[in-house]
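Work through the exercises below with the sequence and the coordinates side by side. Each task is followed by a solution that goes step by step.

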Amino acid sequence: MKASLLAVLLGMTPLMAEQNPAPAAEPATLATPRSRALELAGAFANEGYKIRDGFWAGSIEPAKPLLIEVNLFEGNEYWFSAAALSPARKISVDVFDQKGRPVPGERYQEGPSSAAGIVAQKSGRYFIRLSLAEGEKADFCLVYSYK
Amino acid sequence: MFTRCAILAAGLASVAPLGFGAAEPLSKAQIQSVVRIEALTIPTPGEFFAAIDKQGQPNWTQLFQPKSAGVTSSRAQMALMLGVLVADGYIAVEAQDGQGVKNTGKDIINLGTKLNVSKTILGRGNSINDFAENNDWSALREELEATQNEVKLAMAEQKDQNLVILVTVGAWVRGTDVAALYISKNYTPGLASLLRQPAIIEYLLSQLGLLPGSLRLDPLVQKLEQDLASALKLVDTDPDKPFPAESVKALSETMSGLVNAIAEGAKNP
């Protein structure tokens with residue numbers, strides 16, 4: 001109930017916002033895409049990064065990368081952390097500037113968890129691309145943190 | 001500065017950090033498929049203020065001049081004011097003014113009561129008090145955003161979906177008001193460039209454009225649309241050229257006028 005309302009609130013299509021029950025191998029009480037994304041982001045919080053409360057969740061399929069728009073401030077440092085559940089095996093996060101050019105930065109990659117870190121060189125619009133590099137359609141969640 | 005050490009120090013040493021940037025540029029078609037989600041696409045006032053802190057030394061105590069809502073029965077005005085109060089909360093956090101944070105939290109709860117969302121956020125109000133008591137400024141930033149998101153969720157649950165965007169607009173307008181005021185008095189091209197966020201204003205205008213006719217006839221909403229369109233003209237300029245001091249001043253005046261209109265209510269023309 002809350003999930004569907006949240007989907008409406010966040011402006012997602014029902015398909016994107018679909019939340020499938022976690023497979024048996026992924027105990028729902030222990031692992032959700034959001035809990036894993038937050039776990040990853042939490043590591044950066046130790047470095048003074050503040051985690052945004054908002055998140056982007058949905059389903060991702062192979063060869064169908066998803067893009068979200070964020071608006072960043074020059075000089076701020078950002079980490080975009082994403083995680084997916086099985087059957088996703090490897091996801092990746094990339095950052096692009098407002099003209100669609102890749103932004104150099106740092107990347108953390110471990111199977112279905114991935115993060116990209118950048119320093120915004122200009123204020124304005126950026127695009128975060130989430131790709132499923134290996135595995136099958138799966139639920140994901142992306143959060144970001146800044147300092 | 002942002003370094004690889006951050007990753008290692010963050011306890012993720014099991015996987016080496018990789019440089020990236022070799023990806024192909026996005027095509028226009030790909031960019032057109034982009035998703036916008038209010039909860040992530042619109043930055044918090046805290047992010048704005050963090051960027052200002054990197055380039056300037058604002059006296060946040062001086063900048064913390066909290067607004068109080070005038071008496072109104074307009075739910076649109078109350079929703080906008082709620083956003084303003086959330087932004088005021090962030091300013092109080094920057095000023096490390098515990099009592100100011102508590103007072104702002106109380107005002108948010110009071111306004112939430114009038115909007116029938118207080119049950120949801122009462123717990124948050126208690127947390128805000130506790131964190132303010134313990135000077136936990138970092139937790140307060142997260143709590144303020146969480147409070148705002150819970151208010152929006154409660155609004156959506158009680159079929160007040162149209163008010164959600166107004167909370168966002170109120171917070172953005174107030175954050176920009178305070179930032180532009182500081183930058184207009186302490187102008188540097190670097191600081192001024194932080195104000196150049198045309199995509200945010202475009203998004204807010206697009207969402208205001210989706211409001212039902214009755215709300216769009218509200219004089220305050222009409223003023224918002226008009227003034228945000230003026231603000232967009234000011235900030236939608238060549239990002240490779242400095243954002244001039246005159247434009248910062250004009251933006252500051254526009255935002256200040258809007259915040260006053262939200263607090264006092266716009267008059268029918």
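The exercises that follow treat the interface, the cores, one helix and some backbone features.

The model is predicted, so that local features need pLDDT of at least 70 and side-chain atom pairs count only at pLDDT 80 or more, whereas totals for chains, interfaces and linings use all residues. Residues are numbered from 1 along each chain as its sequence is written, chains are lettered from A and ligands numbered from 1 in the order in which they are written, and side-chain values use heavy atoms, with hydrogens and water left out.

**Exercise 1. Describe the interface between chain A and chain B.**

Step 1. Begin with contact, which means heavy atoms within 4.5 Å: 64 residues of chain A and 61 residues of chain B take part.

Step 2. Turn to the buried area, defined as the accessible area (1.4 Å probe) that two parts lose on being put together, summed over both. Between chain A and chain B this area is about 5,600 Å², and carbon and sulfur atoms give 62% of it.

Step 3. Look for salt bridges, each a side-chain nitrogen of Lys or Arg within 4 Å of a carboxyl oxygen of Asp or Glu. The two chains share four salt bridges, and one of them joins the side chains of A:Lys122 and B:Asp240 at 2.2 Å, N to O.

**Exercise 2. Locate the nonpolar cores and examine the surroundings of A:Phe80.**

Step 1. A nonpolar core is a set of buried Ala, Val, Leu, Ile, Met, Phe, Trp, Tyr and Cys residues joined through side-chain atoms within 4.5 Å; buried means under 20% relative accessible area, exposed over 50%, and partly exposed in between (1.4 Å probe, protein chains only).

Step 2. The largest core has 111 residues, and those with the most contacts inside it are A:Trp56, A:Phe80, B:Leu166 and B:Leu228.

Step 3. When neighbours within four places in sequence are left aside, the contacts of A:Phe80 include A:Val70, A:Leu72, A:Ile118, A:Ile128 and A:Tyr144. Another core, of eight residues, lies apart from the largest one and has A:Ala41, A:Ala57, A:Cys141 and A:Val143 among its members.

**Exercise 3. Decide how far helix H12 of chain B is enclosed.**

Step 1. Helices (H or I, at least four residues) and strands (E, at least two) are DSSP runs, numbered from the N terminus; H12 of chain B spans residues 198-208.

Step 2. Eight of its eleven residues are buried, so H12 is largely enclosed by the rest of the structure. Among these buried residues are B:Pro198, B:Ile201, B:Tyr203 and B:Leu208.

Step 3. Both chains supply the cover, which includes strand E3 (66-72) and strand E8 (124-135) of chain A as well as helix H10 (161-185) and helix H14 (219-235) of chain B.

**Exercise 4. Find the unusual backbone geometry, and place each case in its loop.**

Step 1. Most residues other than glycine have a negative phi, and most peptide bonds are trans.

Step 2. The peptide bond between A:Ser86 and A:Pro87 is cis, with omega about 15 degrees, and A:Pro87 sits in the loop between strand E4 (77-84) and strand E5 (88-96) of chain A.

Step 3. In chain B, B:Gln96 has a positive phi of about 50 degrees although it is not a glycine. The phi of B:Lys159, likewise not a glycine, is positive and near 60 degrees; B:Lys159 belongs to the loop between helix H9 (137-157) and H10 of chain B, where B:Lys159 is exposed, with a relative accessible area of 77%.
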